[in-house]
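Here is a short report for someone meeting this structure for the first time. Please look at the sequence and the model, then read on.

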Amino acid sequence: MKKIYLNPSEMPTQWFNLLSVIPQLAPPISPMTGKPATPEEMLALFPGPILEQEMSNQEFFDIPEEVLDILTIWRPTPVVRAERLEKALGTDCKIYFKNEGVSPAGSHKTNTAVAQAYYNKICGIKKLTTETGAGQWGSALSYATSLFDMALRVYIVKVSYFQKPYRKSFMNMFGAEVIPSPSDMTNAGRAELKRDPESNGSLGLAISEAVEEAAMNKDINYALGSVLNHVLLHQSIIGLEAKKQMEIGGDYPDMVFASCGGGSNFGGIASAFIKDKIEGKKVDCVAVEPLSCPTLTKGEFTFDYGDVAKMTPIMQMYTLGHDFMPPAIHAGGLRYHGDSPIVSKMYNEGIIDARSVGQLDVFKYGVMFAKTEGIVPAPESAHAIAGACNEALECDKRGEKKSLLFCLSGHGFFDMASYDAYFEGKLEDYEYPEEAIAQSLKGVPEVKF
Ligand SMILES: Cc1ncc(COP(=O)(O)O)c(C=O)c1O
């Protein structure tokens, strides 16, 4: 079977919570008190139902009717057997992908954007702020807030603002205001502009700007597109669907690959399979990250801030240090200094694996995928493609025939400038120097609670 569809009536009606099966996480620590953050502190940014999902070990959460109704605009998404890619590689492995690029905003981010906009709306919030790296999350939340008639301000990392001008047009189309970060609208932005007027910005800094605005205004909440537990919960629908689809196709993946920025598409597709693994089934889930931002593979498992200005709760995670300024590689969505506490815990406990890939490999396989499967992948998603293709070739060398599943987290129609740079030979691999990582790790806070 080349394409495996589910009917809308077969779409999961509950989200699965990874917190119910993995070892307990350390609590988020308040940056103000150095003690576990209180619900009251978190309520300044998030609505009650989201906070409940963030903290709960409950195994399943019902997806609200209104959210289900919107999700069926593009869900269930297909699982596709990438036969032409297999042929081009000359591999004996089977390669499948779950296509999250079919959502209205073009990526998996829309799954949680709709849920977050909904919960804020029913709690009476009329405006949200957020950050965006590659522009995918900002686009998804712009679409979602427009569905619920809410206002949105998006702080977009400056380098992406200039690399992808049509992201701004897309967000404006849905009524969002788009501000390149660092901006002079917040203390965090002004401090960075003073330090470096030419700053490219970073996700950590854009988060500071968005959090600062929400924290200063009672009527404004903040929404985050990755990292946090509730985001992985909303993304679990990817893995729940994929597992059913693999069953229908009469197969089960030996390995599951996804790109890893903050960890939400990885946590999403891996969720159902990790539950199986913990219950004794043999399946390897692999997070694929850039060589230039190697959070899991070269970072440290410790407590750190989620942003540059130290406004977010301090969380235990793999980090390269909150003031790590990543190079302007083209996969903007994978340039975050930290990682989801859930993904970090699973990596630290040996439940999942992680690998890093250089961008030349990423673009090589991205182009091969476009030519064979007819979909231009987002550079972030091409990390997962590269992870799966490299594994297939290694399996061939070992004489193994595995089934490999990866998450195609988004399409790359807004990323053509990056592909042009690749075609013109302007890209090179960049490995973040160990000394620079050690230097930025010096800034992580000491936590005792
Ligand atoms: C297409 C795409 N894939 C993956 C990611 C990485 O985010 P996460 O690790 O939360 O899935 C992003 C982030 O912007 C993205 O835009």
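Which residue in β9 does K127 stand opposite? K127 stands opposite I220 in β9.

This is a predicted model, in which local features need pLDDT of at least 70, side-chain atom pairs count only at pLDDT 80 or more, and totals for chains, interfaces and linings use all residues. Residues are numbered from 1 along each chain as its sequence is written.

## Two sheets

Helices (H or I, at least four residues) and strands (E, at least two) are DSSP runs, numbered from the N terminus. Two strands pair if DSSP finds at least two bridges between them. Strands of a sheet pair through backbone hydrogen bonds, either parallel or antiparallel.

One open sheet has 4 strands in the order β8-β7-β6-β9, with parallel pairing. Its edge strands are β8 (177–181) and β9 (220–222), and each pairs on one side only. From one strand to the next, the twist averages 25°. Strand β6 (residues 127–132) pairs with β9 in the parallel sense over 3 bridges.

Another open sheet has 7 strands. Their order is β1-β4-β5-β15-β10-β11-β14, and the pairing is mixed. β1 (3–4) and β14 (353–357) stand at the edges with a single partner strand each, so one side of each has no neighbour in the sheet. Inside that order, strand β10 (residues 255–259) and strand β11 (residues 284–290) pair in the parallel sense over 5 bridges. M255 has D284 in β11 as its bridge partner.

## Two domains

The domain assignment of the chain gives domain 1 (21–32 + 48–65 + 108–222) and domain 2 (71–106 + 232–441). Such bounds come from an automatic or database domain assignment. The centres of the two domains, taken over C-alpha atoms, are separated by 21 Å.

How many residues of domain 1 are in contact with domain 2? 43 residues of domain 1 are in contact with 52 residues of domain 2. Here, two residues are in contact if their C-beta atoms, placed from the backbone, lie within 7 Å. On the domain 1 side, the elements that give two or more residues are α5 (109–122), α6, α7 (158–163), α8 (165–173) and α10. The largest share, 8 residues, comes from α10. By class, this side has 23 nonpolar, 16 polar and 4 charged residues. Ala, Val, Leu, Ile, Met, Phe, Trp, Tyr, Cys and Pro count as nonpolar, Asp, Glu, Lys and Arg as charged, and the others, Gly among them, as polar.

## Around the ligand

Of the 21 residues around the ligand, Q136, S226, G261, G333 and G410 come nearest. A residue is near a molecule or strand if its C-beta atom, placed from the backbone, lies within 6 Å of it. The elements that give two or more residues to this shell are α6 (136–147), α12 (264–278) and α16 (379–398). α12 gives the most, with 3 residues. The shell divides into 6 nonpolar, 14 polar and 1 charged residues. Domain 1 and domain 2 each supply at least three residues to the shell.

## Helix packing

Two packed helices are described by the angle between their axes and the distance between the axes. Axes are lines fitted to C-alpha atoms, for helices over the stretch in contact, and angles run from 0 to 180 degrees between N-to-C directions.

The axes of helix α2 (residues 48–55) and helix α11 (residues 229–248) come within 7 Å and cross at roughly 90°. That makes α2 roughly perpendicular to α11 (angles under 35 degrees count as roughly parallel, over 145 as roughly antiparallel, 65 to 115 as roughly perpendicular and the rest as oblique). I50, Q53 and E54 in α2 meet N229, H230 and L233 in α11. These residues divide into 2 nonpolar, 3 polar and 1 charged.

Helix α9 (residues 187–195) packs with helix α10 (residues 203–216) at an angle of about 145°, with their axes 7 Å apart. N187, A188, G189 and E192 of α9 make the contact with L205, S208, E209 and E212 of α10. Here the division is 2 nonpolar, 3 polar and 3 charged.

## Backbone details

Two peptide bonds are cis, as tabulated here.

| Cis peptide bond | Omega | Place of the proline |
|---|---|---|
| R75 to P76 | about -10° | P76: loop between α3 (65–71) and β4 (79–81) |
| S181 to P182 | near 10° | P182: loop between β8 and α9 |

D149 has a positive phi of about 55°, although it is not a glycine. D149 lies in the loop between α6 and β7 (151–157).
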